[in-house]
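Biologist: Thanks for sitting down with me. Could we walk through this structure together, one question at a time?

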Amino acid sequence: MNDTAVNDTAKPSYLADTDTGLPLPQRPVFERVEDERRHRKQRLAAALRLFGEFGYSEGVSGHLSVRDPEYPDRFWVNPFGKAFERLRVADLICVDAAGRVVAGEGLVNPSAFVIHYHIHDQRPDAEAAAHGHTVYARALGALGRLLEPIDQESAAFWEDQVLYSEYDGPAVDFEMGRRIARHLGDKRALLMAHHGLVTVGGSIDEAAHWFFTYEQAARVQLVASAAGEVKPMSPEQAKLARDGFGDPHLGWFSFQLLWDQIVADQPDFLEE
């Protein structure tokens with residue numbers, strides 16, 4: 001084989017050795033469980049503040065959770081009746097498998113318990129889950145539609161989302177939470193008709209990023225549909241886009257930019 005052939009097949013120098021070719025840093029690794037717990041709680045509080053920043057508040061609705069690194073049957077979540085815009089690390093509560101608050105001060109939202117408990121229980125890979133009643137996801141759910149791969153961001157959910165069309169009232173029943181988690185299955189997004197959106201990820205960073213991306217993609221799809229006929233990607237194109245924009249590591253890293261923003265703008269959320 002000559003030198004020209006070798007150079008033709010070599011990876012270009014500007015591409016990093018990652019699945020996406022992007023120069024992405026690695027996730028942090030912790031030697032002490034206390035440090036990992038603090039890290040997860042800080043990221044959870046940041047995601048909640050970002051929900052507030054993006055206008056995702058809807059009364060007492062909406063909750064985000066992250067699994068405790070020491071006790072896998074427990075998760076940290078925002079307390080009932082506390083505005084996203086005011087959430088601090090100190091406000092977070094830890095809930096066990098019986099729905100009891102075992103750390104922190106505050107009450108658990110029954111919907112938060114029945115939904116997040118079953119997701120964490122049925123999805124060992126789901127370190128975190130995000131749920132909200134946002135405008136564009138609710139509008140898309142009212143139409144009974146999922147995201148179509150009309151651009152790269154929406155393609156991140158191609159064949160990785162599911163519509164939950166059942167509705168039996170607010171999700172406060174334990175068995176209802178089980179059905180919701182079962183319907184989610186191994187997908188990263190569950191759009192609930194007449195209700196809202198759930199996204200999951202291998203970190204709270206990733207789960208929050210998927211939520212933000214889904215909501216914006218729903219907005220784009222609704223705007224495009226109102227303007228004319230939407231022309232989605234072919235399955236081959238959608239897969240190529242999903243492999244890039246749906247990469248979990250990229251999802252994690254994308255949140256780091258928002259982390260830097262919220263730390264600079266609202267550092268008080270780090271109070272413990």
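Modeller: Happy to. Helices and strands here are DSSP runs, helices of at least four residues and strands of at least two, numbered from the N terminus. Please keep in mind that this is a predicted model.

Biologist: Then let me start with P79. In which loop is P79 found?

Modeller: Two strands frame this stretch, with β2 covering 75-77 and β3 covering 93-95. P79 falls in the loop between β2 and β3.

Biologist: Is P79 buried or exposed?

Modeller: The cut-off for buried is under 20% relative accessible area. P79 has 7% relative accessibility, so P79 counts as buried.

Biologist: How far apart are the C-alpha atoms of P79 and G106?

Modeller: Along the chain, P79 and G106 are 27 residues apart. Leaving aside neighbours within four places in sequence, P79 is in contact with L87, D91, L92, I93, G106 and L107. Between P79 and G106, the C-alpha separation is 5.6 Å.

Biologist: Now the interior. Which helix gives the most residues to the largest nonpolar core?

Modeller: The largest nonpolar core has 40 residues, and those with the most contacts inside it are L44, F51, L64, F212, Y214 and F255. Several elements supply at least two residues each, including α2 (33-53), β1 (63-67), α4 (135-142) and α9 (248-265). The most, nine residues, come from α7.

Biologist: How many residues are in the other core that lies apart from it?

Modeller: Among its members are V77, A112, V114 and M192. This other core has 24 residues.

Biologist: Back to F51. Which residues is F51 in contact with, leaving aside neighbours within four places in sequence?

Modeller: F51 is one of the residues with the most contacts inside the largest nonpolar core. Its partners beyond those neighbours are Y56, S57, L64, F84, A130, H131, G132, F211 and F212.

Biologist: How are α4 and α7 placed, and what hand does their crossing have?

Modeller: Their axes come within 8 Å and cross at roughly 55°, and α4 and α7 are therefore oblique to each other. V135, Y136, A137, A139 and L140 in α4 meet Y214, E215, A218, R219, Q221 and L222 in α7. The residues of this contact divide into eight nonpolar, one polar and two charged. As α4 passes α7, the crossing is left-handed.

Biologist: What about α2 and α9: how many charged residues does their contact have?

Modeller: The axes of α2 and α9 come within 10 Å and cross at roughly 80°, so these two helices are roughly perpendicular. Q42, R43, A46, A47, R49, L50 and E53 in α2 meet F255, Q256, L258, W259, Q261 and I262 in α9. By class, the contact holds seven nonpolar residues, three polar and, to answer you, three charged.

Biologist: And how are α7 and α9 oriented to each other?

Modeller: The axes of α7 and α9 come within 8 Å, with a crossing of roughly 85°. The angles that count as perpendicular run from 65 to 115 degrees. α7 and α9 are therefore roughly perpendicular.

Biologist: How far apart in space are R27 and S203, C-alpha to C-alpha?

Modeller: R27 sits in the loop between α1 (3-9) and α2, and with 38% relative accessibility R27 counts as partly exposed. R27 touches E127, G202, S203 and W252, not counting residues up to four places away in sequence. R27 and S203 are 176 residues apart in sequence, yet their C-alpha distance is 9.7 Å.

Biologist: Is H39 in helix α2 buried or exposed?

Modeller: H39 is found in helix α2. Not counting residues up to four places away in sequence, H39 touches P28 and F30. Its relative accessible area is 16%, so H39 is buried.

Biologist: One last point, on the backbone. What is the phi of E159?

Modeller: Most residues other than glycine have a negative phi. E159 lies in the loop between α5 (152-155) and β6 (161-164), and at 51% relative accessibility E159 counts as exposed. Although E159 is not a glycine, its phi is positive, about 60°.

Biologist: And what is the phi of H194?

Modeller: H194 has its place in the loop between β7 and β8 (196-201), and its relative accessible area of 56% makes H194 exposed. For this residue other than glycine, phi is positive, near 65°.

Conventions
Residues are numbered from 1 along each chain as its sequence is written. This is a predicted model: local features need pLDDT of at least 70, side-chain atom pairs count only at pLDDT 80 or more; totals for chains, interfaces and linings use all residues. Side-chain values use heavy atoms; hydrogens and water are left out. A nonpolar core is a set of buried Ala, Val, Leu, Ile, Met, Phe, Trp, Tyr and Cys residues joined through side-chain atoms within 4.5 Å. Buried means under 20% relative accessible area, exposed over 50%, partly exposed in between (1.4 Å probe, protein chains only). Contact means heavy atoms within 4.5 Å. Axes are lines fitted to C-alpha atoms, for helices over the stretch in contact, and angles run from 0 to 180 degrees between N-to-C directions. Angles under 35 degrees count as roughly parallel, over 145 as roughly antiparallel, 65 to 115 as roughly perpendicular and the rest as oblique. A crossing is left-handed if the near helix is turned anticlockwise from the far one by less than a right angle, and right-handed if clockwise. Ala, Val, Leu, Ile, Met, Phe, Trp, Tyr, Cys and Pro count as nonpolar, Asp, Glu, Lys and Arg as charged, and the others, Gly among them, as polar.
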